[in-house]
Every structure is written in C-alpha cells, then in structure tokens.
Amino acid sequence: MPPFPRIRVVGAGTMGRGITQLAAGAGCIVELTDVSSTAVDDGVAFVSRMLHRAAAKGLTTAAEAEAAIGRIRTGTDPTAPSEDVDLVVEAVVERLDVKQRLFATLSGALPRAVLASNTSSLSITAIASVVADPSRVIGLHFFNPVPLMKIVEVVPGTRTSPDVLAAARAFVEHTGHTPVQAKDSPGFLVNLLGRGLPTEALAVLDEDVADAADIDRIVRDMLYLKMGPFELMDLSGLDVSHPVLESIWKGFYGDERLRPAGSTQVRVSAGLLGRKSGEGFYRYADGVPQVPAEHAAAPEPSAVALHIVGGGPLADLLRARGVTVSDGPSDSAVSVVQPLGRPAYLAAIEHGLDPRRTLGVDPLGVPLLTGEHNVGGDGGVHRARLAVIAPFTVDRDAGRRAVRALASLGCAITVTADGPAPVAQRIAASMVNVASMAAEKGLANPDDIDQGARLGLGYPLGPLAMGDSIGPQRILAILDGLLDYTGDPRYRASGWLRARADLRLSLLDPAARPHDLLG
C-alpha cells in the first residue's frame, strides 16, 4: 500500500505530468487537475505515451503500463472538495502569491490531505503561512524529467510536523526515488550546491585568464564533470541561470562566496542566452555548438631542458619521455613551478627564479597523466590534461619551447594566463567550499549533500568527496592563498572545511552536536 494511496496533482504542465506518471506507476490513484481541460487531456495523453514507451523499452510490462494508466483520474477544478485525497502536489507557476492563494483554498477543501509544493526555490514556510494548520505543508521538489531524475528534495517548513516529514520521505522512497532532506533555505540544497561551479568559472572568464571552451575542457578533464560550466549554462539558458545566481546570492544576504558575475546580466540583455537563442558562450548551428578547435602543441622532447621545481612525479614522467630534466635553473633551461593557491609568477619569485624563463603547471593535473580515466561510474572517459600557466613575464620563445617539451607527455595541454591560482584549483575549491558551507549551516547532512549533487547535478563525485580526494588541507591552502592574494571575501573558507582540514578528518565526517552528549 502506498503511503499516500490517493494523490491530487495540481498543474498539468511538464512537472505535473512527470509527477503523475511517477505516482501512478508506483500504485497510487492520481487525479491530474488543471483549470484548462486541454492541458489535462494533453497531459494524460503524454503520460500514456511515456508509459507505453517505457513498456516498449522493457522498463516495465505492458500490463503494468495499462494498470498505471487506469489509475489516472482527471479534473478541471484543482480545489474541488474531497475527503479522500491523501496528498496534494502543487506544480503551478513559480510565484509566491499564486501558490499562497492556492494553498489557502486547498487547506479547507481537502481537510485530510498533506499539502506539498513542487517549488524549486520559494520558501515552504511562506507558502504555509496562509494555511490554518501549517504542520500539513511540506516541499517535494522533483527534478525534470521526473521519471528519470531519481532525486526529490524533501523540504519541511518551520512548522511541518515530524509525521508529515516521515510520510513524505516514505512516499518518495515508495516511488523508487531518493529523498534528500534539505532545510527551507534559499535554493534549498541542490540549487545552492550548483552555484560553486558557475560563479568561479565566470570569475575566471571575466578576468580573461582563459576562454569559455578552455575552462570547460579543464573542468571536464581535470575535475571529471560530464559538462563544463559554460556548456551547462548554454543548455539551461542564461535567462534561467542568471536569476538563480542572483536570487541565491541575495537570499543568503550577499554572502560573497555566492557572488555572481556582473557579466551575466549584460549577456542576458544582449540576448546571448545559449542554445535557445542560437548563441551564448558558444555559437550554435542547428543546435550544435561550434566549439573553437583546441590548439595542439607538437611534442618535441629536445625543444628545451626543463627544471621542475620540487621534482616529483612530473619530473619522472618527463624523463621517461626523453625530456632533459635539469637539477636546477640555468640560462638554457625553463623552470616549471607547480603553484597551489597562488599565481605562478609569485611562486617563481619565491624560488628565486628568472620570471622570463618560468612557466607554471597545475599540480592537480599531474596525477592524471597516466592515460584516460573514468571516475564515479558516469560512463564518460576523461582525457588526461595538463594545465600550463603562462605568466605575462615569460619570454615567448622560451615558453613555446617549454610547451613543446611538456607536450611530450602525450596528454592534452591547455595554456592559460596567470591568475590568482590555477583554474581547476579555483573551481574545485569553490565547489567544495559551497558544499562545506551548506554542511556548516546544517542545510543538509553530509551524505545528503553529496547525494544531492550526484543525483541532482550529475556530478560523478559529490563535492565533499571531491574535497576528500584532493585533500581538505590542499583545498584550504588554495582558499587561504586566494584570500591572501586577492583580499576578496569570496574565498573565505567555511568553518566546516577549516576544522576538518586542521583535524585531518573527512569532509563527510558528521559533526557531533550538543544533544549527542545528552542521550
């Protein structure tokens, strides 16, 4: 028996249809309602096609599909009184005033029902404020497409009862999806976690450290994400991404760690929205991005001798490829520094090197130079990539020779300008810091944070697990170096991260709370 045997879905749009398909397939009687009879008819026809298609693919049987279709009811009065409805899931326009009017009416018309909103960002507490008994109200944020995205954010309001919360979680589990519990805060959990990637990537772009295509390549190959930040923003549309960036930043009272880039509003005003407008960070032809060709350096082991500051695996790999690796700097060698949380030129100064004959290499990429990798079971193969950093002081001829020698490693090479820290380091640290901030504020437990990022954002590793794989001490060093060099509070490290780095604990290690000592 489903936790909620009879459900009413309000709104027959994309999300309402998906929720109807999921709940009917899980054995619930579902009323799909909308004030538009056409929308209801179209919605039922769509759900029927999807269920038949699932049967054709072998995901269910034809009999099960027909049974699910038989459990769907329809209506054009979403607020019709009923004593039989156990759960209402609202999926209407994302406006607080509209949802409040709807919930005020539903609370009287459906006295037994739990009242759930599918809002992706509006406060559940604010929606519940118009209901006589706010303990009945909860957020159930499904993701599009609902049947395929196996995650639902379960968001209790300030006055939601524990019994309603438990029943909502049980309902999500009954449908075969994973409930991720989040606090009623701006963006809930997944939208917040998704800010770490684009905010820092946009900062790198605005500083002219690298172009969009190269940043995407670095993120895909060095951080193992399926898509780079600019591909993602073009896919969703900047008219969607920009307001989310702004609203979450404002919702956290201007926390600088979430500060968006000013350039996104300019791009929205210019109509550079992404695939939907034919041009965004990329141009599109018939929906296909026109990605600038990657510059390939010709491998030449004898191009110049390299002095690898600190030695280590990079020096060993180069020697194995026939590159002359010198023990120290010289007039005939190019020095290579591996900066962590600081510019390459500053590392050159600190090591007493000639800045005209010094390049940087991001050490995050060095352990990956053993070939192709598949991380997190995402099915995607990620090419080994070396991010080379060119300080503006470097001699052009010496730099070109050094890049050809480094190309002997046989991996892809991206050359970026020298910023406050290497590109992959900045973006990884931002992603980990935002997730650590969520944990510190108790917005969700560490496991749900990583689960939310994997299922809701498609990350192969959750951001806290990513921080563990890089090393909390290294992430903290990157952030502290960025803060020291730039003075920008966007790089203020979360207390969750700092404490665990100091104690050498996993970022997934849950915090002991005072009540734990009183049991």
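Reader: I was looking at helix 1, and how many of its 12 residues are buried?
Author: In this predicted model, nine of the 12 residues of helix 1 are buried, so the helix is largely enclosed by the rest of the structure. The buried ones are M15, G16, G18, I19, T20, Q21, L22, A23 and A24.

Reader: What is the reach of helix 1 from its first C-alpha to its last?
Author: Helix 1 reaches 17 Å between those two atoms, which is close to the 16 Å expected at 1.5 Å a residue. Just after the helix comes G27, which takes a positive phi of about 100°.

Reader: Okay, changing topic to pockets: what is the volume of the largest one?
Author: The largest pocket has a volume of about 1,400 Å³. It is lined by 43 residues, and those closest to its centre are N191, R195, S236, V240 and L457.

Reader: Which helices and strands supply at least two residues of that lining?
Author: Helix 1 is one of them, and so is strand 6, which covers residues 137-142. The others that supply at least two residues each are helix 7 (190-193), helix 8 (196-206), helix 10 (229-236), helix 11 (238-251) and helix 17 (446-457). By class, the lining of the largest pocket divides into 22 nonpolar, 16 polar and five charged residues.

Reader: And the second largest pocket, how much space lies in that?
Author: About 650 Å³ lies in the second largest pocket. Its lining has 26 residues, of which Q21, M50, A54, P147 and L148 are the closest to the centre. You have met Q21 already, as one of the buried residues of helix 1.

Reader: Which helix gives the largest share of that second lining?
Author: Helix 1 does, with six residues. Helix 2 (37-56) and helix 3 (62-70) also supply at least two residues each. The lining of the second largest pocket has 13 nonpolar, seven polar and six charged residues.

Reader: What about the largest nonpolar core, which residues there touch the most other members?
Author: Those are L192, F230, I427 and I449, in a core of 85 residues. The largest share of this core, 12 residues, comes from helix 16. In soluble globular proteins, nonpolar side chains tend to be buried together.

Reader: Can I follow up on I449, and ask what it touches?
Author: Leaving out residues up to four places away in sequence, I449 touches L189, L193, A435, A438, A439, A444 and L464. There is also a second, separate core of 36 residues, which includes V89, A91, F142 and F171.

Reader: Now Q425, is that buried or exposed?
Author: Q425, which is found in helix 16, is buried, because its relative accessible area is 0% and buried means under 20%. Not counting residues up to four places away in sequence, Q425 touches P339, L340, G341, D362, P363, L364 and I478.

Reader: I478 sits in helix 19, so which residues of that helix are buried?
Author: Along with I478, the buried residues of helix 19 are P472, I475, L476, L479, G481 and L482. What covers them includes helix 16 (423-440), helix 18 (463-470) and helix 20 (495-503).

Reader: Why would one say that the span of helix 19 agrees with what is expected?
Author: Helix 19 has 15 residues, which at 1.5 Å a residue should span 21 Å, and its end C-alpha atoms are 21 Å apart, so the two values agree. Just after helix 19, G487 takes a positive phi of about 70°.

Terms used:
Residues are numbered from 1 along each chain as its sequence is written. This is a predicted model: local features need pLDDT of at least 70, side-chain atom pairs count only at pLDDT 80 or more; totals for chains, interfaces and linings use all residues. Side-chain values use heavy atoms; hydrogens and water are left out. On a 1 Å grid over the protein atoms alone, a cavity is a set of points where a 1.4 Å probe fits but cannot get out, and a pocket is an open set with protein on both sides within 12 Å along at least five of seven lines; lining residues have an atom within 4 Å of a point. Grid points are joined across faces, edges and corners, and a volume is the space filled by probe spheres set on the points. Helices (H or I, at least four residues) and strands (E, at least two) are DSSP runs, numbered from the N terminus. Ala, Val, Leu, Ile, Met, Phe, Trp, Tyr, Cys and Pro count as nonpolar, Asp, Glu, Lys and Arg as charged, and the others, Gly among them, as polar. The expected span of a helix is 1.5 Å times one less than its number of residues. Buried means under 20% relative accessible area, exposed over 50%, partly exposed in between (1.4 Å probe, protein chains only). Contact means heavy atoms within 4.5 Å. A nonpolar core is a set of buried Ala, Val, Leu, Ile, Met, Phe, Trp, Tyr and Cys residues joined through side-chain atoms within 4.5 Å.
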